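Visitor: I would like to learn how to read an interface and its salt bridges. Can you walk me through a case?

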Amino acid sequence: MKFLLDPTNWDTSIPNSIPNLFLAHLSLTLISVAVGLLIAFPIALLVARFRPLYAPVTTFASVLYTIPSIAAMVLLIPLTGLEATTVIIPLVAYTQIVLIRNIVAAIRAVDPALVEVGRAMGMSAAQIQTKVVLPLALPVIIAGLRVVVVTTIGIASISFVVGVPSLGTLVFQGQTFAYNDEIVAGAILITALAVGADLLLLGVQRLLGRGQATTLASAG
Amino acid sequence: MFYGSLSTALAASSNFLGQVWAFIQNPANAYGEHLWVTILLSVYPIVLAFVIALPLGILTARRPIAAFLSANLSGLARAIPSLVFLAIMVPIIGIGFTPSIIALTLLGIPPILLNTIAGLQGIDPAAIDAARGMGMTRLQILGRVEIPLVLPVIAAGVRIAAIQIVATTPIAALIGAGGLGEYILAGVNILDYAQAAAGALGIIALALLTEALFALLQRVLTPAGIRAGEKASEKLAA
């Protein structure tokens with residue numbers, strides 16, 4: 001605990017202090033998940049519409065997911081150098097399988113009767129997508145996002161191998177100097193970040209799903 | 001102009017691949033031995049995790065503790081990155097090959113345990129009733145209904161565990177496990193990217209091979225009836 005409580009480790013002017021590493025870890029995660037969503041969403045919409053695409057797309061994404069993170073990052077060094085990009089590219093690749101599968105499942109799970117109701121009310125195709133399908137699918141999509149965020153936070157802690165700072169740097173430094181306090185501090189902070197992000201998204205998921213349970217219950 | 005830079009890039013990358021290949025072939029680097037250590041680092045933990053998690057799952061599936069395990073273990077296993085897990089284990093088990101085996105085994109237990117519990121709990125009681133109605137003995141029900149229904153789910157768990165273990169072997173090099181991960185760490189340290197890539201490509205090959213092998217195993221263990229049913233429901237959905 002000594003390491004966590006030492007004020008010098010919280011000095012933001014030191015590059016590898018706790019707040020700076022925390023922010024670095026957070027930005028690696030946020031950028032990767034955001035880019036991952038931007039790529040996965042259109043793919044999932046396409047796959048949900050053209051079903052024969054589902055098998056090849058998910059097979060490809062799961063092969064990507066099989067490639068060990070440390071190996072993928074190391075192979076990227078000659079192309080992208082010892083930069084954050086080297087960490088972000090594999091992280092984005094890993095988000096795809098869970099995001100695509102989950103978004104497709106969420107869209108397919110929307111009750112066709114409700115889409116029919118929308119059509120009967122005179123909604124356009126775009127209105128049905130944005131006002132019926134998306135709001136109903138969103139809580140399920142957020143549930144998948146939780147898995148992706150927690151996994152990404154975990155894998156991002158490997159970034160020190162390619163010289164990119166993150167909270168994993170604490171674990172690695174502690175390991176190198178046989179300083180257990182620093183390892184434990186890193187472990188606590190990474191786990192806290194993962195659990196915190198998970199709870200935050202759980203809150204969002206509940207908030208978005210609030211109206212739904214009652215509508216569905218009264219409809220059923 | 002464009003083709004000029006393209007051919008330079010191609011020449012550079014083929015040159016790089018040449019360096020990687022030269023590194024792998026150089027007997028002084030003992031690539032084969034490192035590969036073998038990595039294979040052992042994967043096989044022992046997969047087998048051990050299976051031998052430990054399967055009975056544990058069978059014993060707990062019908063008890064209240066199963067619900068507790070299912071609810072908490074999976075979340076915990078996901079929230080703690082394997083790097084952190086290995087680092088925390090060092091003060092307890094030390095560093096080297098055997099401690100790495102222990103750590104990797106512990107890493108592989110949750111998916112197998114959880115899938116065993118899920119598989120056993122997921123057996124439709126109606127299927128057992130039907131078997132009993134057909135006059136099967138208790139042993140026949142176990143052998144012909146319960147085990148065939150559970151095996152694919154357990155195989156899926158073993159597949160997840162195996163992939164995770166293989167993917168973590170290079171990280172275990174940090175705690176002195178040896179194997180291909182040493183090339184990765186050393187290569188990045190001394191900026192010898194051909195060496196790092198040689199380790200990385202070996203690990204990727206092992207991971208893909210493991211995935212293919214266990215995907216096949218899972219397929220073989222899935223009874224033809226269930227496979228046909230899945231196909232039919234897929235068609236229905238489409």
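Guide: We take the chain contact, then the salt bridges. Keep in mind that this is a predicted model.

Visitor: How much area is buried between chain B and chain A?

Guide: Interface size is often given as the accessible area lost when the parts come together. Here that area is about 2600 Å², and carbon and sulfur atoms give 83% of it. Chain B brings 33 residues to the contact and chain A brings 31 residues.

Visitor: How many salt bridges are there between chain B and chain A?

Guide: Zero. The count of residue pairs in polar contact, both at pLDDT 80 or more, is also zero. On the side of chain B that touches chain A, H3, H4, H7, H8 and H9 of chain B each supply at least two residues. H9(B) gives the most, with 10 residues. That side divides into 31 nonpolar, no polar and two charged residues.

Visitor: How many salt bridges does the whole structure hold over all chains?

Guide: Five. One of them joins Arg146(A) and Asp198(A), with the closest N and O atoms 2.9 Å apart. Arg146(A) lies in H7 of chain A and Asp198(A) in H9 of chain A, so the pair ties together parts 52 residues apart in sequence. Asp198(A) counts as buried, at 19% relative accessibility.

Visitor: Which residue forms a salt bridge with Arg138(B)?

Guide: Glu146(B), at 3.3 Å between the closest N and O atoms. Check burial on each side. Arg138(B) counts as exposed at 52% relative accessibility, whereas Glu146(B) is buried at 10% relative accessible area.

Notes: Residues numbered from 1 in each chain as written. Chains lettered and ligands numbered in written order. Predicted model: local features only at pLDDT ≥ 70, side-chain atom pairs only at ≥ 80, totals over all residues. Heavy atoms only, no water. Contact = heavy atoms within 4.5 Å. Buried area = accessible area lost by both parts, 1.4 Å probe. Salt bridge = Lys/Arg side-chain N within 4 Å of Asp/Glu carboxyl O. Polar contact = N/O pair within 3.5 Å; in protein donor to acceptor, adjacent residues only side chain to side chain. Helix = DSSP H or I, 4+ residues; strand = E, 2+ residues; numbered from the N terminus. Nonpolar A, V, L, I, M, F, W, Y, C, P; charged D, E, K, R; others polar. Buried < 20%, exposed > 50% of the residue type's maximum accessible area, 1.4 Å probe, protein only.
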